[in-house]
Structure formats: structure tokens, C-alpha cells
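Got the viewer open? Let's walk through this one together, one selection at a time.

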Amino acid sequence: MVDTSPALPEGFRVRRLQLNDRDRLRLYMMPNNPRHVLAAVPIKTMLILYKIGHGIALALIPGIVLYFVIMLTLVTGSLSINWLWIGMSYLTLLGICIWIAFTLREDWLQFCWVVEQQERFVAYSVLRPYKNYSVLELLQVHPRWARRGIGSTLVKTMLDKTPKPVYVESAIRVVSFYTRLGFRKIRFKELPSDAQQRFSLRGVATLLVYEEIHD
């Protein structure tokens, strides 16, 4: 399914993400074009390297925390430091993070739509259909291509091809974006009972719904 809507800049198109290694790599590397790298490195190798890198990134946060704990210990002189134990602990943590990166579920990919330009992805969104409604779970447009109608065209395309109503949990700063597309604000208790468990409403998020428009 491909949409070359005139609302998009020339050379851009909306389509479903294909469940193959090439599209997965393009999504992970967005907005970079992996075409030149793929000429020298197999796609599967690139995916493995990406997952290893993701695992290392996951380990950076606890590593930073560990660094400040060590610095505080050195400054206060309250405890002796066993560097071998710290090194082994961090390597174990790194291994766990890489394992997590390799085993994360990717079932959301089957509900992913992308905006493509010159063999690279510049935006993607996840709209998951359920029995009697759908949930817009994610929308991401790379800042380099923001404010060019790409996000709105992507959402409109998905809305035309999914069961209604469609619910979204939105940050306050982008509520106006969704209302321009036909969404309206609702209260949590207006959600169907089976849909309420899918929204946490953390912080100051706003619930919106898009319903079937009848002439």
C-alpha cells in the first residue's frame, strides 16, 4: 500500500513498513540512508551491530550512575573500592542490556507506517487496530523534515485505513496538531472499558478521539 499524496513534498511517499530486514534497518537508521553501507556490509550484520549498539546505549545510564557513586565514594572516603568487582559487575550489566536489546518484542512493526524519501525514512507512526477501535501509539517526524505536512499526511493516510474510533494519548504541546486533523478531546471515563487499560495518562497527557465522519 503506497500513497503518493499531493500533500507530500515531491519525491515523498507514504506506505506500510515491510516486515523484512532492509525496511527494519532503514527504520532503525532513520533518517540516514543505509544504501551505501549495505554495499559493503550484509543487512543482517548491520542489524546485529545495531542491536549490540542499542544494548550498549542501554547500559550507559546505569554506568553514569555508577560513575557518580564511585566519585562520591572517593570524595567522602567512606568506603573502599573494589575495582575488579565494579568492572565485573558492569560487564555483567552490559551483557544483560545487549541480551535485552536482542529479545525486545517487535510486534509493533506490523502496524507501522513510514514516509519514505530517496530510500530513507523521514517519519513513522504506529497505529494498532483492536476489535472495535484503534490506538495511535506513536508518531515521529525527523526534525529536519518537520512542518512540511509530512506528519499530518501520514496520520490522515492511516486514519482512512483503520477501524474507528481512533484514540491517541497526546502531549499538550501537540494537541492542536491532532484537533486540526479532526480529533476531539475526551475524558478517560468516556473510553470503552477494554480500552482504558491501554492508557496510563502519565503527567499532563490529553486523550483524544477520531470518529467516523458521516455525511
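## Stop one: two backbone oddities

Select Arg 147, which counts as exposed because its relative accessibility is 86%. This is a predicted model, so keep in mind that local features were only taken where pLDDT is at least 70. You will find Arg 147 in the loop between E5 and H5. Its phi is near 60°, a positive value in a residue that is not glycine.

Now jump to Gln 118, in the loop between E3 and E4. Here too phi is positive, at about 50°, although Gln 118 is not a glycine. With a relative accessibility of 54%, Gln 118 counts as exposed, the cut-off being over 50%.

## Stop two: the hairpins around E4

Stay where you are and add the strands on either side of Gln 118. E3 (112-117) and E4 (120-129) make a hairpin with 2 residues between them, and Gln 118 sits in that turn. The two strands run antiparallel and are joined by 6 bridges. To see how they line up, pick Cys 112 and look across to Val 126 in E4, which stands opposite.

Next, extend the selection to strand E5 (134-141). E4 and E5 form a hairpin as well, with 4 residues between them. This antiparallel pair is held by 7 bridges, and Ser 125 stands opposite Leu 139 in E5. How much of E4 is buried? The count is 8 of its 10 residues, so E4 is largely enclosed by the rest of the structure.

## Stop three: the largest core

Show side chains for Val 115, Ile 150 and Phe 183. Among the 24 residues of the largest nonpolar core, these three touch the most other members. Several elements give two or more residues to this core, including strand E2 (12-16), helix H5 (150-159) and helix H6 (175-180). Which element gives the largest share? That is H5, with 5 residues.

Colour H5 by burial and you will see that 9 of its 10 residues are buried, so the helix is largely enclosed by the rest of the structure. Among the buried ones are Ile 150, Gly 151, Ser 152, Leu 154 and Met 158.

Now centre on Phe 183. Leaving aside residues up to four places away in sequence, its contacts include Val 155, Leu 159, Val 168, Tyr 178 and Leu 208. A second, separate core has 16 residues, and Leu 27, Leu 47, Tyr 124 and Val 126 are included in it.

## Stop four: strand E8 and its partners

From Phe 183, follow the contact with Leu 208 into strand E8 (206-210). In a regular strand, side chains alternate between the two faces of the sheet. In E8, Thr 206, Leu 208 and Tyr 210 point one way, while Leu 207 and Val 209 point the other way. Are these residues buried or exposed? All are buried, so E8, with 5 of 5 residues buried, is largely enclosed by the rest of the structure.

Add E6 to the view: 5 bridges join it to E8, and the two run antiparallel. Ser 170 has Thr 206 as its bridge partner in E8. Then add strand E7 (residues 184-185), also antiparallel to E8 and joined to it by 2 bridges. Here Lys 185 stands opposite Leu 208.

## Stop five: the largest pocket

Switch on a surface and go to Leu 139, Arg 173, Val 174, Phe 177 and Tyr 178. Of the 29 residues lining the largest pocket, these lie nearest its centre. The volume of the pocket is about 960 Å³. E5, H5, E6 and H6 each supply at least two lining residues, and E5 has the largest share with 7.

## Stop six: H1 and two cis peptides

Finally, select helix H1 (residues 21-28), where 6 of 8 residues are buried, Arg 24 and Leu 27 among them. At its start, a side-chain oxygen of Asn 20 comes within 3.3 Å of the backbone nitrogen of Arg 22.

Move on to Pro 31, in the loop between H1 and helix H2 (35-38). The peptide bond joining Met 30 and Pro 31 is cis, with omega about 5°. For the other cis bond on this stop, go to Lys 164 and Pro 165, where omega is near 0°. Pro 165 lies in the loop between H5 and E6.

Key. Residues numbered from 1 in each chain as written. Predicted model: local features only at pLDDT ≥ 70, side-chain atom pairs only at ≥ 80, totals over all residues. Heavy atoms only, no water. Core = buried A, V, L, I, M, F, W, Y, C linked by side-chain atoms within 4.5 Å. Buried < 20%, exposed > 50% of the residue type's maximum accessible area, 1.4 Å probe, protein only. Contact = heavy atoms within 4.5 Å. Polar contact = N/O pair within 3.5 Å; in protein donor to acceptor, adjacent residues only side chain to side chain. Pairing = 2+ DSSP bridges. 1 Å grid on protein atoms, 1.4 Å probe; cavity = no way out; pocket = protein on both sides within 12 Å on 5 of 7 lines; lining within 4 Å. Points joined across faces, edges and corners; volume = space filled by probe spheres on them.
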